[in-house]
Structure formats: C-alpha cells, structure tokens
Amino acid sequence: MDGSAPRRIFVDKQSPEAFRAMVRASEAVGATAAEAGLDRTTVELINLRVSQLNGCAYCLDLHTRRALRAGESARRLGVLTAWRDTGLFTPVERAALALAEATTDPTDSAAHEAAYEGARRVLTEDQISAVIWVAITIGAFNRVSIMSGHPIEAPRSDSAEF
C-alpha cells in the first residue's frame, strides 16, 4: 500500500446491467409520479431531501441542478433542510417531504404513522405511492454513488454553473 486512499469501484460501471435496471426502474417511477400528478419540482425536492438525509454529495449536486432547471428557486433549496420551519412549501410538498423522510428512516414507526396521516389529508393514494417510490429509488441511487465514491466535477470555465 502506498498510503493513498483505496480506489473505489464504480459499481454502476462494474455491473452495468444492474445499473441499467435501476435506471429503468427510476424512469418507471418518474412516469408514475407524473401520472399521479406530482410536478417535477416536488419530485426533485424529494430527491434532494432524501439525498441530504443520506449524505450523498453527488446526488445533491445532480438534483440541485435538475431542480433549478425545473424552475425551483435557490431560496427554497437553501432552506430545504428546515422545510418544517418555513412557510415556503405547499401542503402537498410538506406532506411529500414528511413521507419521504419517513421512508428514508424506516426505524421510527411513530414518524411513519404521522407522515401517512398528513399525506392522506392532501395526497391521493397514487401520489402517496409515487412519493414512497421516489424516496426508495433515490435512496438506492444515493447508496450507489456513496459506495462508488462518485466525484463531483468542478464546472468548466466555459459553462454556466446551473
């Protein structure tokens, strides 16, 4: 050993068929969310919140850029970790975020019940299902990126940041 950090295996590259299956599942989940009436910014808020909870820098970078392209504001993204303490998020977004958090931490049954109760007041059953699937899917991608050590590339000087 030369003392350098161990080289990570990019599991998406090492096992491309498994990764392609995840991508296909993600595409199906995206279609399910759209069919359920969840807009793109709500889906990206879920992706970002779950990625924050899981500590996935690569997915945070990717989904921040996607959220901004979808029309999300930098202000709301900046306070997403404290979404409960602001009036910046709609009842639908709040219910989706609570349900996504409960899905990400499966150990707190009281949080699950509270999240479901809140979700049932403002989301349809199709939307509840879609939110859970979005959270599960981004959680899986978080683990791929974390375990692979996917780097965040510095922006090129000739391109816009977002």
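This passage describes how helices 6, 7 and 8 pack in a predicted model, and then turns to an aromatic pair and selected single residues. The model is predicted, and local features were accepted only at pLDDT of at least 70, side-chain atom pairs only at pLDDT 80 or more, while totals for chains, interfaces and linings use all residues. Residues are numbered from 1 along each chain as its sequence is written, and side-chain values use heavy atoms, with hydrogens and water left out.

Two packed helices are described by the angle between their axes and the distance between the axes. Here helices (H or I, at least four residues) and strands (E, at least two) are DSSP runs numbered from the N terminus, and axes are lines fitted to C-alpha atoms, for helices over the stretch in contact, with angles from 0 to 180 degrees between N-to-C directions. Angles under 35 degrees count as roughly parallel, over 145 as roughly antiparallel, 65 to 115 as roughly perpendicular and the rest as oblique. A crossing is left-handed if the near helix is turned anticlockwise from the far one by less than a right angle, and right-handed if clockwise.

The axes of helix 6 (residues 91-104) and helix 7 (residues 109-122) come within 9 Å and cross at roughly 155°, which makes helix 6 roughly antiparallel to helix 7. The crossing of helix 6 past helix 7 is left-handed. Contact (heavy atoms within 4.5 Å) is made by Pro91, Val92, Ala95, Ala98, Leu99 and Ala102 of helix 6 and by Ala111, His112, Ala115, Tyr116, Gly118, Ala119 and Val122 of helix 7. These residues of the contact of helix 6 with helix 7 comprise 11 nonpolar, two polar and no charged, where Ala, Val, Leu, Ile, Met, Phe, Trp, Tyr, Cys and Pro count as nonpolar, Asp, Glu, Lys and Arg as charged, and the others, Gly among them, as polar.

Helix 6 also packs against helix 8 (residues 125-148), their axes coming within 9 Å and crossing at roughly 50°, so that helix 6 and helix 8 are oblique to each other. Helix 6 passes helix 8 in a right-handed crossing, with Ala96, Leu99, Ala100 and Thr103 of helix 6 contacting Ile128, Val131, Ile132, Ala135 and Ile136 of helix 8. In this contact of helix 6 with helix 8, eight residues are nonpolar, one is polar and none is charged.

Helix 7 and helix 8 pack at an angle of about 135°, with their axes 9 Å apart, and are therefore oblique to each other; the crossing is right-handed. Tyr116, Ala119, Arg120 and Val122 of helix 7 meet Glu125, Gln127, Ile128 and Ile132 of helix 8, and this contact of helix 7 with helix 8 has five nonpolar, one polar and two charged residues.

A search of the whole structure finds one aromatic pair, formed by Phe19 and Phe141 in an edge-to-face arrangement, 5.8 Å centre to centre with 85° between the planes. Rings of Phe, Tyr and Trp (its six-membered ring) pair if their centres lie within 6.5 Å, and planes under 30 degrees apart count as stacked, over 60 as edge-to-face and the rest as tilted. Because Phe19 lies in helix 2 (residues 16-35) and Phe141 in helix 8, the pair ties together parts that are 122 residues apart in sequence. Phe19 is partly exposed at 24% relative accessibility, whereas Phe141 is buried at 15% (buried means under 20% relative accessible area, exposed over 50%, partly exposed in between, with a 1.4 Å probe and protein chains only).

Ser26, also in helix 2, is partly exposed at 29% relative accessibility, and touches Thr137 and Phe141, not counting residues up to four places away in sequence.
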